[in-house]
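Biologist: I am new to this structure and would like a close look at a single part of it. Please take the salt bridges, and set them in their surroundings first.

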Amino acid sequence: MLYNSARTAIKRNRVSVPTRYFLSNSLIHGKVLHHGCGKAQIDTRAMQGVADVVEYDPTFVPNERALESTYDVVVCNYVLNVLLPLDAVNAIRVLRKVTSEKGYALIAVRGKGDGISGQPIEDGFITKRGTFQRPFTIDILKEYLYTFFEDVEILSGTNKSSYILAKVY
């Protein structure tokens with residue numbers, strides 16, 4: 001059965017918590033890829049105030065040429081939560097590929113404290129909307145990220161938080 005991860009994309013009226021954190025800690029600069037941006041153009045506009053931002057989302061901004069470049073910073077908010085395990089690994093592989101040698105990726109995931117629920121499947125849930133959602137712990141997030149990145153720094157969050165923010169090199 002196919003779970004439409006695009007159905008989880010929401011239009012925001014204000015900049016997301018992870019993007020506000022990244023901006024307030026001066027982590028957004030240079031050439032930036034907003035990977036899996038969905039409908040979060042407000043986040044892109046906020047980052048454009050300090051960086052040259054390119055958007056990519058397989059459904060909403062299918063700009064495949066964006067994946068042919070490398071970036072100083074790659075921002076990926078709440079994408080890994082909506083992907084089945086193999087798809088999440090493939091997404092992280094792409095993040096590594098588009099992150100420049102001296103750059104880094106900023107990853108935000110929903111944590112166990114965010115109240116994700118539904119019908120259990122694999123390591124997540126099928127929600128009432130028919131989408132796959134998976135809460136992360138820090139250890140599980142690190143396990144995924146170390147598949148392709150050498151260093152993982154947890155910037156914010158705990159295993160019981162509603163979100164976890166990581167910087168990977």
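Modeller: Of the 169 residues in the protein, 49% are buried. This is a predicted model, and every value here is computed from it. The protein has a radius of gyration of 15 Å, which agrees with the value near 15 Å that a compact globule of 169 residues would have. Its C-alpha trace spans about 40 × 30 × 30 Å along the principal axes. The surface that the protein exposes comes to about 8600 Å², and carbon and sulfur atoms supply 49% of that area.

The chain forms 4 helices and 9 strands. Read from the N terminus, their order is α-β-α-β-β-α-β-β-β-β-α-β-β. Contacts often reach far along the chain: among those between residues at least 6 apart in sequence, 62% join residues at least 24 apart. Helix α2, residues 41-48, gives an example of how an element is covered. Its buried residues are I42, D43, T44 and M47, and their cover includes α1 (17-24), β1 (31-35), β2 (52-56) and β3 (71-77).

Now to the charges. The protein carries 21 positive and 17 negative charges, and the mean positions of the two sets are 8 Å apart. A search of the whole structure finds 2 salt bridges.

One of them joins the side chains of D114 and R110, with 2.3 Å from N to O. D114 has a relative accessible area of 29%, so this residue counts as partly exposed. R110 is partly exposed as well, because its relative accessible area is 21%, and the cut-off for buried is under 20%.

The other salt bridge is between the side chains of R134 and D123, at 3.0 Å from N to O. R134 lies in the loop between β7 (132-133) and α4 (138-145), and D123 in the loop between β5 (119-121) and β6 (124-126), so the pair ties together parts that are 11 residues apart in sequence. R134 is buried, with a relative accessible area of 1%. D123, at 35% relative accessibility, counts as partly exposed. This salt bridge therefore pairs a buried arginine with a partly exposed aspartate, whereas in the pair of D114 and R110 the aspartate is partly exposed and the arginine is partly exposed too.

Methods. Residues are numbered from 1 along each chain as its sequence is written. This is a predicted model: local features need pLDDT of at least 70, side-chain atom pairs count only at pLDDT 80 or more; totals for chains, interfaces and linings use all residues. Side-chain values use heavy atoms; hydrogens and water are left out. Helices (H or I, at least four residues) and strands (E, at least two) are DSSP runs, numbered from the N terminus. The radius of gyration is taken over C-alpha atoms; the globule rule is 2.2 Å times the number of residues to the power 0.38. Buried means under 20% relative accessible area, exposed over 50%, partly exposed in between (1.4 Å probe, protein chains only). Contact means heavy atoms within 4.5 Å. Accessible areas come from the Shrake-Rupley method with a 1.4 Å probe; for residues, only the protein chains shown count as cover. Lys and Arg count as positive and Asp and Glu as negative; His and the chain ends are not counted. The place of a charge is taken as NZ of Lys, CZ of Arg, CG of Asp or CD of Glu. A salt bridge is a side-chain nitrogen of Lys or Arg within 4 Å of a carboxyl oxygen of Asp or Glu.
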